[in-house]
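The following report goes through one protein model, from its overall make-up to individual side chains. Please read it alongside the sequence and coordinates shown here.

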Amino acid sequence: VWLHALVALLGERSAVPLRLAALLSVLAVGALAPLVVVPRGAPIAPGVRGLSACGASLFAHGYFDFWTSGRGGVFVAAALLGAAVALLRDRHALRGPLVAGALVGVALTLRPAAFPFVPLLLGVAFSGPPLRRARRVGLVLVGGGLSVGLALLPIAAGGGLSDAYDLLWDARCLFLGEPRWETFGALFFAARLWASYEPVASPLAFLFLASALRAALQRDADAFGRAVFVAGFALASVASLAVVGSSDLSEPELLVGLVALVVVSVAQELARTFPRATGRAHALFLVQCIFLYAISCWEIWTPPAVYGLRWRALAWRVTGRVDERAYVATFNKRAIGFYPAEIAEMAAWLRANTGPGDRVLVRGYEPSLYLLAGRTYGGRFFTTSQLVWDNCAYKREAWLAQDREDLARLRPRVVVTVPAPPGVDAKESFLPLGYRERFHTEHFFALVRD
């Protein structure tokens, strides 16, 4: 809620503010990671901060495209690393644990599936001075409770706690339930995840484990403790992703924090091993990361692999070889029914053929039509995933009844449907109610009430 309010101040109907906020969060991850890995009082080697920010940026802006980025993972990672820095660096008895708890609360508010990080950070709080351990843990819990409470306050003030609970429980159908497009379960997802990131993960993991082994053999307790924390952060990240369990590889955007921590660990170790050639060692490390990253991208067809196609399409648009609709259509994702050019076309028709006071109901999973057309419905369900998807059965019968009541009570002037089997999404369901088709694109139908 608070994040949306902040972004809305910058530009409610534009994705640019959200992208800028995500970029700042990625840079924050790059700046915070060295403060977590390098012990307090020890110097951060030259170039480590730059490599940290570069590694975080390569991951966050490379593996995820216009559809799969901006899912909130970078905000959660920044909040979690900020909490770790507050616990590890702030000497103040009250401020450090309270700030850490507040940031953990922010992370949990943005993504409840981040709860595996809570015991990790509580362990960091408990590792402080023996006489303050229980107090520090308590203060972290208090800070987290206050942060979550502040986030829930505006929802409670509007009487929306019950709806928020329903929304949270229903949303889990996309993750904890049977995946909609994949039916192979958690093991298949784990295999896809490993195959996607292995070309980069394996070399980085090897270098990191070598530095951790060196710290253990030399009995460098502080350095080994930081390595254990990074390993714990990795386990918490995997556990969080396992809870989400999505077949969509965009959810691992959260891993940007882990990537930055491992890159910093390796870069700091290189500076210690090659004190007179740190710059060259870091340069070779960066080249290695970029090379392996490029291999990974080409292997799984992530954004850099299609940059050439994107530039070609953009050049055709600028030179007039294709019109705007044809250019926007290059962003179609047929597998998930995403057709931005048709959405824009339908939104333009709705603006031209309805007034601001006309109610419009959009079926399917296209809430952007409400925003682009500047129209509202007033009913509870602005998407129908919880009404039609087999894996979203929470309160199914009660919600179907409420959907029918809303439709009878509000009587929207226009209903936008999608190609679908008989049910709430199909246009055939609205023809007996007095609706007639007036406009259509390939994948959307506008039905107007007589």
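Of the 450 residues in the protein, 45% are buried, and the coordinates from which this share was computed are those of a predicted model. The accessible surface comes to about 22900 Å², and carbon and sulfur atoms account for 67% of that area. The secondary structure consists of 18 helices and four strands. When contacts between residues at least 6 apart in sequence are considered, 67% of them join residues that are at least 24 apart.

Confidence should be kept in mind when reading any of the details below. The average pLDDT of the protein is 81, and 80% of the residues score at least 70. Over residues 176-184, however, pLDDT stays under 50, and for this stretch the model has 16 contacts beyond four places in sequence.

**Helix α2 and its surroundings**

Helix α2 spans residues 16-37 and includes L24. Together with L20, L23 and L27, L24 forms a nonpolar patch on the surface, the four residues having about 370 Å² of accessible area between them. L24 itself counts as exposed because its relative accessibility is 57%, and the cut-off for that class is over 50%. A31 also has its place in helix α2, but the relative accessibility of A31 is 43%, so this residue counts as partly exposed. The C-alpha atom of A31 lies 6.6 Å from that of A53, a residue 22 places away along the chain.

Which residues does L261 touch, leaving aside those up to four places away in sequence? The contacts of L261 are with A33, V36, V37, L81, F229, V230 and F233. L261 is found in helix α11, which covers residues 256-273, and L261 is classed as buried because its relative accessible area is 0%. The C-alpha atoms of L261 and P34 are separated by 7.2 Å, although the two residues are 227 residues apart along the chain.

**Salt bridges**

How many salt bridges does a search of the whole structure find? The search returns seven, and three of these pairs, with their closest N to O distances, are set out below.

| Pair | N to O distance |
|---|---|
| R95 and D90 | 2.8 Å |
| E269 and R272 | 3.2 Å |
| E437 and K427 | 2.8 Å |

The acidic partner of R95, D90, lies in the loop between α4 (73-89) and α5 (95-110). Apart from the salt bridge with R95, the side chain of D90 reaches the backbone nitrogen of H92 at 2.9 Å. Not counting residues up to four places away in sequence, D90 touches R40, V85, R95 and G96. R95 has a relative accessible area of 46%, and R95 is therefore partly exposed.

The pair E269 and R272 sits within a single element, since both residues lie in helix α11, three residues apart, or about one turn of the helix. Is E269 buried or exposed? E269 is buried, because its relative accessible area is 15%, and the cut-off for that class is under 20%. R272, by contrast, counts as partly exposed because its relative accessibility is 41%.

The side chains of E437 and K427 meet in another of these salt bridges. E437 lies in strand β3 (residues 435-440), whereas K427 is in the loop between β2 (414-417) and β3, so the pair ties together parts that are 10 residues apart in sequence. With a relative accessibility of 33%, E437 counts as partly exposed, and K427, at 23%, also counts as partly exposed.

**A backbone feature before β2**

One further residue deserves a look for its backbone geometry. R411 is found in the loop between α18 (396-410) and β2. The phi angle of R411 is near 45 degrees, which is a positive value in a residue other than glycine. Most residues other than glycine have a negative phi. The relative accessible area of R411 is 47%, so R411 is partly exposed.

Notes:
Residues are numbered from 1 along each chain as its sequence is written. Side-chain values use heavy atoms; hydrogens and water are left out. pLDDT is the predictor's confidence in each residue, from 0 to 100. Contact means heavy atoms within 4.5 Å. Patches are made of residues with over 30% relative accessible area and no salt bridge: like charges are joined within 9 Å, nonpolar side chains (Val, Leu, Ile, Met, Phe, Trp, Tyr) within 5 Å. Accessible areas come from the Shrake-Rupley method with a 1.4 Å probe; for residues, only the protein chains shown count as cover. Helices (H or I, at least four residues) and strands (E, at least two) are DSSP runs, numbered from the N terminus. Buried means under 20% relative accessible area, exposed over 50%, partly exposed in between (1.4 Å probe, protein chains only). A polar contact is a pair of N or O atoms within 3.5 Å; within protein, one must be able to donate a hydrogen and the other to accept it, and residues adjacent in sequence count only if both atoms are side-chain atoms.
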